[in-house]
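Visitor: I would like a close look at a single part of this structure. Please give the cut-offs with each term.

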Amino acid sequence: SMPDFIYSITREIWEDRGLGKKMKKYYAADCLVRAATGLAADNLDVTAQTLQTLHQFPDRQLVGEDVIWQGYGDGSFLSSHRLISVMRHEGAGIYGPATGRLVRSRIIADCWIVNGQVKEEWLVRDQAAFARCMGIDPVDMARDMVARDLRRFGSVQVFTPERDLPSLYRAEIQTGAEIDAYCAGWRQIWDVKETAAIRDLYFHGANVMVPGGDALSGHADIDRFVIGYLASFPDARLTIDSAIVNKEPGQPVRIALRWSLRGTHSGYGHFGEPSGAPVYIMGLSHAFIVDGKVTQEWIVTDEVSIWKQIFAHGDVSIRST
């Protein structure tokens, strides 16, 4: 099945150390990987990043939680893969000498697969959870990364649509009772900023996993999280880029959403003192819907990359890119 294919290629590359050879097999030579951290435009780049990670975290396991997917008439398909990376920091690298700390962080990766190869990918890792597990404040990690980017590239590396390359994949927003209600609820909450809609969209005991490895329980918790973001970016506009739904026997209705928020860091909220920085937030979410309400949801943004944009603001070098 399609999910089995996704689980197995992930295992072959990481746990079974297929690396270069498997990367060539499963990633198109000109694959586009759009991560919150920046854009990679070929499989050599992807391989280099993989090797660096494995040097520092040799026992890295990618625990696949779910694959929500959609097939197309031309034989290609979109898969949205939610996984948790579990690994121990056993090699020296950009995070300093080995600490032996156990690190857990969630990732969602949307892949467009053509002829058995990843042609385009959208990838968001919860780097704030990763930082916390390493005993580092996500804010400090962002500050270090900005300094490292400036030394190495002369500009700060983050993904924004202006830096994107053209996409061959035509994303879709599917329709149907559950997915329509879910997208409408998200728009009310994040775009219209009417957080009262949380009570309509979410089951009263909903569990929502959010960036930084935090877990929310129920309406008041969800409201606090949303307001923390919206207070920081009061002019934020939500764009839903892709929405697909799977209905399978014995499972809740499962929805995968790819979305973004664009706004100005002009208020006090989750991201501290306002800087006036323009910020692009790349987001991926999975939701379980039961009887029309969200019972479980996983929201992944990369807060370290958000902080990087805040710190880069006012730095002349980012503007030249």
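Guide: What follows starts at the largest cavity and works outward through the elements around it, with a second stop for comparison.

This is a predicted model: local features need pLDDT of at least 70, side-chain atom pairs count only at pLDDT 80 or more, and totals for chains, interfaces and linings use all residues. Residues are numbered from 1 along each chain as its sequence is written, and side-chain values use heavy atoms, with hydrogens and water left out.

The structure has three cavities of 30 Å³ or more. A cavity is a set of points on a 1 Å grid, over the protein atoms alone, where a 1.4 Å probe fits but cannot get out. Grid points are joined across faces, edges and corners, and a volume is the space filled by probe spheres set on the points. The largest cavity holds about 70 Å³.

Its lining (residues with an atom within 4 Å of a point) runs as follows: Ala36, Val158, Phe159, Tyr280, Ile281, Met282, Thr301, Asp302, Ser305, Ile306 and Gln309. Two elements give two or more residues to this lining: β11 (278–290) and α9 (303–312). Helices (H or I, at least four residues) and strands (E, at least two) are DSSP runs, numbered from the N terminus. By class, the lining has seven nonpolar, three polar and one charged residues. Ala, Val, Leu, Ile, Met, Phe, Trp, Tyr, Cys and Pro count as nonpolar; Asp, Glu, Lys and Arg as charged; the others, Gly among them, as polar.

Take β11. Eleven of its 13 residues are buried, so β11 is largely enclosed by the rest of the structure. Buried means under 20% relative accessible area, exposed over 50%, and partly exposed in between (1.4 Å probe, protein chains only). β11 has strand partners. Two strands pair if DSSP finds at least two bridges between them. β10 (residues 253–264) runs antiparallel to β11, with twelve bridges. One of the paired positions is Gly263 with Val279. β12 (residues 293–300) is also antiparallel to β11, over seven bridges. Here Ile289 faces Val294 of β12.

The turn between β11 and β12 comes next. These strands form a hairpin with two residues between them. Asp291 lies in that loop. Its phi is near 50°, positive in a residue other than glycine. Most residues other than glycine have a negative phi. Asp291 is exposed, at 79% relative accessible area.

Now α9. Nine of its ten residues are buried, and the helix is mostly covered. Among the buried ones are Ser305, Ile306 and Gln309, and these three also line the largest cavity. Asp302 is another lining residue. At the start of α9, a side-chain oxygen of Asp302 comes within 3.0 Å of the backbone nitrogen of Val304.

The second stop is the hairpin of β3 and β4. β3 (61–71) and β4 (77–88) have Ser76 in the loop between them. The strands pair in the antiparallel sense over ten bridges. Val67 has His81 as its bridge partner in β4. Five residues separate the two strands of the hairpin, and Gly75 in the turn has a positive phi of about 90°. Eleven of the twelve residues of β4 are buried, so β4 is largely enclosed by the rest of the structure. On to β5 (102–114). β4 pairs with β5 over twelve bridges, again antiparallel. Leu78 sits opposite Trp112 in β5.

Ser76 has a relative accessibility of 3%, so it counts as buried. Its side chain makes a polar contact of 2.7 Å with that of Asp74. A polar contact is a pair of N or O atoms within 3.5 Å; within protein, one must be able to donate a hydrogen and the other to accept it, and residues adjacent in sequence count only if both atoms are side-chain atoms. Leaving out residues up to four places away in sequence, Ser76 touches Gly71, Trp112, Ile113 and Val114. Contact means heavy atoms within 4.5 Å.

Ile6 meets this region too. Ile6 belongs to helix α1 (residues 2–13) and is buried, at 3% relative accessible area. With the same exclusion of residues up to four places away, Ile6 touches Val67, Ser79, His81 and Ile113.

Technical notes. 1 Å grid on protein atoms, 1.4 Å probe; cavity = no way out; pocket = protein on both sides within 12 Å on 5 of 7 lines; lining within 4 Å.
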